[in-house]
Amino acid sequence: MNYLSVENISKSYGERVLFENLSFGISKDQKVAFVAKNGTGKTSILNIISGRDSSDTGQVVRRKDIHIGYLAQDDHLDAELTIEEVVFASDNPTLRVIKQYEAALENPEDADAYQRAFELMDQYDAWDFETQYKQILSKLKFDDLSQKVGQLSGGQKKRLGLATVLINKPDLLILDEPTNHLDLEMIEWLEAFFKKEKMTLFMVTHDRYFLERVCTEIIELDSGQLYRYKGSYSYYLQKKEERVALEQVVQEKAKNLFKKELDWMRRQPKARTTKSKSRIDDFYKIKEKAQNRRSEHKVQLEINMERLGSKILELHKVYKAFDDLKILEGFDYVFKRGERIGVIGKNGTGKSSFLNIITQKSPVDQGKVILGETVKYGYYTQNGIQAKEGQKVIDVVKEFGDYIPLAKGNKISAGQLLERFLFSRKRQYDFVEKLSGGEQKRLYLCAVLIQNPNFLILDEPTNDLDIVTLNVLENFLLDFPGNLIVVSHDRYFMDKIVDSLFVFRGAGTVENFPGNYSDFRTYEDSKPTEATAVKTGERPVEKKSAEKSVQKVQLSYQEKREYGTLESDIAKLESQKESIEAQFSKGEIPEDQINERSLALQKIIQEIEDKEGRWFELSTKLEG
């Protein structure tokens with residue numbers, strides 16, 4: 001069932017053309033991700049299909065009576081309303097019934113009103129709905145529903161907008177960066193929610209694990225053309241790589257043909273026959289293909305940064321609290337040269353405060369923070385950059401430096417750095433106010449990197465960046481030879497960039513975990529029951545008796561048999577996984593089997609994760 005058809009839409013702002021003649025459709029139960037570079041009009045397209053904006057050409061045809069929910073980047077909520085009033089201020093009839101019932105509960109003396117409200121709850125099957133909407137609010141950390149919107153932070157307002165669209169259960173849900181301002185626990189809950197619920201989704205997100213686990217189809221806007229991929233994010237990456245390789249082959253052929261035709265054009269007399277005119281027309285088409293160069297860049301830099309000494313950064317018995325909120329409780333750590341550390345934890349546990357402490361922007365209550373003399377920080381904060389009025393893109397970066405020195409006496413200029421981060425030469429001379437939100441974040445990154453720091457600190461660098469830019473940033477950071485600390489909820493980014501984690505548990509507790517985010521999740525999921533009880537605040541078992549009980553644990557006969565077969569099972573599954581991935585890579589799978597094989601691959605990956613978790617659990621018992 002087709003919910004919505006986009007037919008030949010275009011959008012321009014003055015001389016700047018965002019996109020032209022785009023067409024695609026969205027059908028019931030599809031979960032579609034829309035992928036494009038920053039500044040190419042992703043948000044404009046979402047605004048057009050949701051009805052908030054209109055296109056310059058074409059039309060959007062929506063199915064009659066379809067209910068569309070839209071989570072925008074710039075939702076403006078009434079500051080005077082409470083959280084509960086925002087939730088109930090919708091056209092959802094079930095919510096109105098629940099509101100009527102809750103009002104009846106507050107006036108028990110009116111028996112007739114209570115009876116009517118009770119019957120309506122049955123009629124609309126609102127009991128389960130009430131439970132679900134309260135669960136959504138709880139998962140997104142809204143416990144006090146009487147709190148006014150004006151008292152909420154920017155991140156809380158975004159989460160309230162998300163809660164509202166989820167509660168309203170629209171036929172088609174359009175989401176613009178839904179994982180921004182969510183902590184990792186919330187993101188994983190949202191993933192599970194979308195997997196479980198039969199919802200039609202059309203979303204823009206930079207979270208690649210979220211894309212992989214939620215979306216079954218990718219639409220990409222690249223160089224003005226739309227490309228559709230029916231499969232997961234990993235399938236999209238494989239097929240895009242094949243498409244780009246094919247385009248490069250076609251472009252090479254076009255270049256060679258162009259050279260031949262150019263020679264023919266130069267030798268032609270002024271008088272043209274009909275045949276030669278046709279060939280001239282073909283020549284210009286070939287010329288256009290030959291000169292269609294892609295603007296994607298792979299970063300491969302040997303950065304010649306200022307050398308770090310033996311002393312980098314030391315924190316000794318550091319305490320920090322804001323009133324009753326403890327951030328650090330006797331934290332100790334000595335940084336070694338070249339360490340790459342990710343910082344994770346729930347919202348409000350003090351991750352950004354920790355960065356301000358180590359950069360000495362915020363004083364400690366007790367303890368010492370000792371910074372090495374050779375350390376030169378590059379600090380990317382969530383506040384962004386404040387450009388002067390009328391300032392051009394290139395001038396913003398040149399304020400902080402003209403070049404980054406490379407090995408062997410080479411260097412990368414400010415303009416070249418901007419090009420690597422997808423600002424064309426023409427775009428570098430645009431005014432900053434003309435940039436999209438994502439482009440401004442990209443510019444801020446360049447302003448931090450041009451200073452050639454040897455210790456990079458990045459606070460949520462992936463927010464509002466498109467996937468193309470994320471790949472560029474990841475490549476740059478993989479080449480970066482200095483120290484690195486990253487706060488991010490982007491699990492794919494963290495897995496690729498960091499080697500260990502600081503896990504902020506809350507109440508001043510920070511754990512040092514030796515591995516990336518996926519390693520951490522595997523470890524957390526395989527923790528024994530006693531550890532889980534301690535983590536959730538239940539009374540812990542006394543340490544001595546716990547140690548004795550661990551020593552006494554022996555595998556049962558059935559567990560020994562299971563343990564013996566797990567390794568061979570995992571090896572077989574890995575072999576099946578590699579086989580299917582190779583078929584995808586070579587394009588050997590028929591079109592009508594792509595979805596089936598993609599689902600099979602996802603099932604195998606899940607089986608591998610489950611068996612590895614079980615193997616880890618049994619091996620932990622043996623070690624005890």
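Buried means under 20% relative accessible area, exposed over 50%, and partly exposed in between, with a 1.4 Å probe and protein chains only. Keep that handy for the exercises. This is a predicted model, where local features need pLDDT of at least 70, side-chain atom pairs count only at pLDDT 80 or more, and totals for chains, interfaces and linings use all residues. Residues are numbered from 1 along each chain as its sequence is written, and side-chain values use heavy atoms, with hydrogens and water left out.

**Exercise 1. Sort S223, Q360 and E217 by exposure, and say where each one lies.**

Step 1: place them. S223 is in the loop between β8 (217–222) and β9 (225–229), Q360 is in the loop between α11 (351–358) and β13 (366–371), and E217 belongs to strand β8. Helices (H or I, at least four residues) and strands (E, at least two) are DSSP runs, numbered from the N terminus.

Step 2: apply the cut-offs. S223 has 59% relative accessibility, so it's exposed. Q360 comes in at 47%, so it counts as partly exposed. E217 has just 5%, so it's buried.

Step 3: look at what surrounds E217. Skipping residues up to four places away in sequence, E217 touches Q30, K31, V32, A33, R228, Y229, K230 and G231; contact means heavy atoms within 4.5 Å.

Step 4: check the backbone. Most residues other than glycine have a negative phi. S223 has a positive one, near 50°, and Q360 also has a positive one, near 60°.

**Exercise 2. How are α4 and α5 oriented to each other, and how are α3 and α5?**

Step 1: get the geometry. Two packed helices are described by the angle between their axes and the distance between the axes. Here axes are lines fitted to C-alpha atoms, for helices over the stretch in contact, and angles run from 0 to 180 degrees between N-to-C directions. Helix α4 (residues 111–123) packs on helix α5 (residues 126–139) at about 85°, with axes 6 Å apart.

Step 2: classify. Angles of 65 to 115 degrees count as roughly perpendicular, under 35 as roughly parallel, over 145 as roughly antiparallel and the rest as oblique. So α4 and α5 are roughly perpendicular.

Step 3: list the contact. F118, M121 and D122 of α4 meet A126, W127 and E130 of α5. That contact has four nonpolar residues, no polar ones and two charged. For this count, Ala, Val, Leu, Ile, Met, Phe, Trp, Tyr, Cys and Pro are nonpolar, Asp, Glu, Lys and Arg are charged, and the others, Gly among them, are polar.

Step 4: repeat for helix α3 (residues 93–106). Its axis and that of α5 come within 10 Å and cross at roughly 90°, so α3 and α5 are roughly perpendicular too. T94, L95, V97, I98, Y101 and E102 in α3 face A126, W127, F129, E130, Y133 and K134 in α5. The split is eight nonpolar, one polar and three charged.

**Exercise 3. Which residues touch the most other members of the largest nonpolar core?**

Step 1: define it. A nonpolar core is a set of buried Ala, Val, Leu, Ile, Met, Phe, Trp, Tyr and Cys residues joined through side-chain atoms within 4.5 Å.

Step 2: pick the residues. In the largest core, with 77 residues, F335 and F502 touch the most other members. Helix α14 (residues 437–449) gives the most to this core, with seven residues.

Step 3: zoom in on F502. Among its contacts beyond four places in sequence are F331, F335, I341, F354 and V510.
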